[in-house]
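Got your viewer open and your selection box ready? Here is a short tour, one selection at a time.

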Amino acid sequence: PRASYIEGKRMGETICNEYRKLGVNAKSARVSLAYGPGTKKHDKRVLNNFIEKALTKGKIDMLDQGEAKRTYCYITDAVELLWKILLFGKDNVYNVGGISRTTIAELAKLIAKETGVSVVFPKKSSDLLGAPDDVYLDLTKVKQEFRKLEFVSLEDGIRTTINWQKNLYNNKT
């Protein structure tokens with residue numbers, strides 16, 4: 001189920017590599033799990049899906065125990081890093097991600113706390129085919145090269161994203 005997404009990212013990097021051979025100053029940015037205001041209704045990415053469930057169903061139903069780990073990157077941090085890579089990047093490939101390591105269960109509990117709902121775990125977990133156990137990018141290069149030391153906290157980013165989505169789901173158009 002995830003193969004087309006992963007292959008699409010690989011293809012994009014391959015295209016950049018080929019253009020570099022032709023003298024184009026092309027950069028590859030490996031963006032991982034960016035989130036924040038600007039999403040559309042019914043976005044199926046897990047963070048947005050949890051917020052939608054909290055706002056529309058009054059609870060967050062989990063598909064499994066949420067043990068997989070993720071690192072989320074708030075949209076302003078992602079955009080800042082992308083601009084710095086585009087304008088000042090010295091290397092060909094960069095990771096663009098956040099520093100907030102959390103499990104899916106912890107993420108659900110944070111969203112539940114901020115929205116005042118409960119998290120419901122299944123008695124028996126479903127097998128989420130193709131979902132990795134751990135998603136983490138090494139940000140050493142962008143932190144050093146661009147002196148990026150501060151990132152929006154997951155808690156602050158979640159609050160802002162929830163407020164955005166409240167407007168989405170309260171607007172009936």
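## Start at the end of a helix

Select Gly58 first: this residue follows helix 2, and its phi is positive, near 75 degrees. Keep in mind as you click around that this is a predicted model.

Now step back to helix 2 itself, residues 46–57. Its twelve residues reach 15 Å from the first C-alpha to the last, close to the 16 Å expected at 1.5 Å a residue. Color the helix by accessibility and you'll find a run of buried residues: Leu47, Asn48, Asn49, Phe50, Ile51, Glu52, Lys53 and Ala54.

What covers those buried residues? Show the surroundings of helix 2 and look for strand 2 (34–35), strand 3 (59–61) and strand 4 (69–74), along with helix 4 (104–115) and helix 6, which are among the covering elements.

## On to the charged pairs

Next, turn on side chains. As a bit of background, side chains of opposite charge can pair when their charged atoms come close. This structure holds twelve salt bridges, and three of them make good stops.

**Stop one: Arg45 and Asp43.** Select both and check the distance: the closest N and O atoms of this salt bridge are 2.5 Å apart. Buried or exposed, where does Asp43 fall? Asp43 is buried, with a relative accessible area of 16%, while Arg45 is partly exposed at 47% relative accessibility.

**Stop two: Lys148 and Asp77.** Their side chains meet in a salt bridge, 2.8 Å from N to O. Lys148 sits in the loop between helix 5 (140–145) and helix 6 (154–170), and Asp77 belongs to helix 3 (residues 75–88), so this pair ties together parts that are 71 residues apart in sequence. Try a surface view here: Lys148 is buried at 4% relative accessibility, and Asp77 is buried with a relative accessible area of 4%.

**Stop three: Asp134 and Arg101.** The closest N and O atoms in this salt bridge are 3.0 Å apart. Asp134 lies in the loop between strand 7 (118–120) and helix 5, whereas Arg101 is in strand 6 (residues 100–103), so the pair links parts 33 residues apart in sequence. On the surface view, Asp134 counts as partly exposed at 42% relative accessibility, and Arg101 is partly exposed too, with a relative accessible area of 37%.

**Last selection: a network.** Pick Asp77, Glu80, Lys84 and Lys148 together, and you have one network joined by salt bridges that share partners.

Terms used: Residues numbered from 1 in each chain as written. Predicted model: local features only at pLDDT ≥ 70, side-chain atom pairs only at ≥ 80, totals over all residues. Heavy atoms only, no water. Salt bridge = Lys/Arg side-chain N within 4 Å of Asp/Glu carboxyl O. Buried < 20%, exposed > 50% of the residue type's maximum accessible area, 1.4 Å probe, protein only. Helix = DSSP H or I, 4+ residues; strand = E, 2+ residues; numbered from the N terminus. Expected span 1.5 Å × (residues − 1). Contact = heavy atoms within 4.5 Å.
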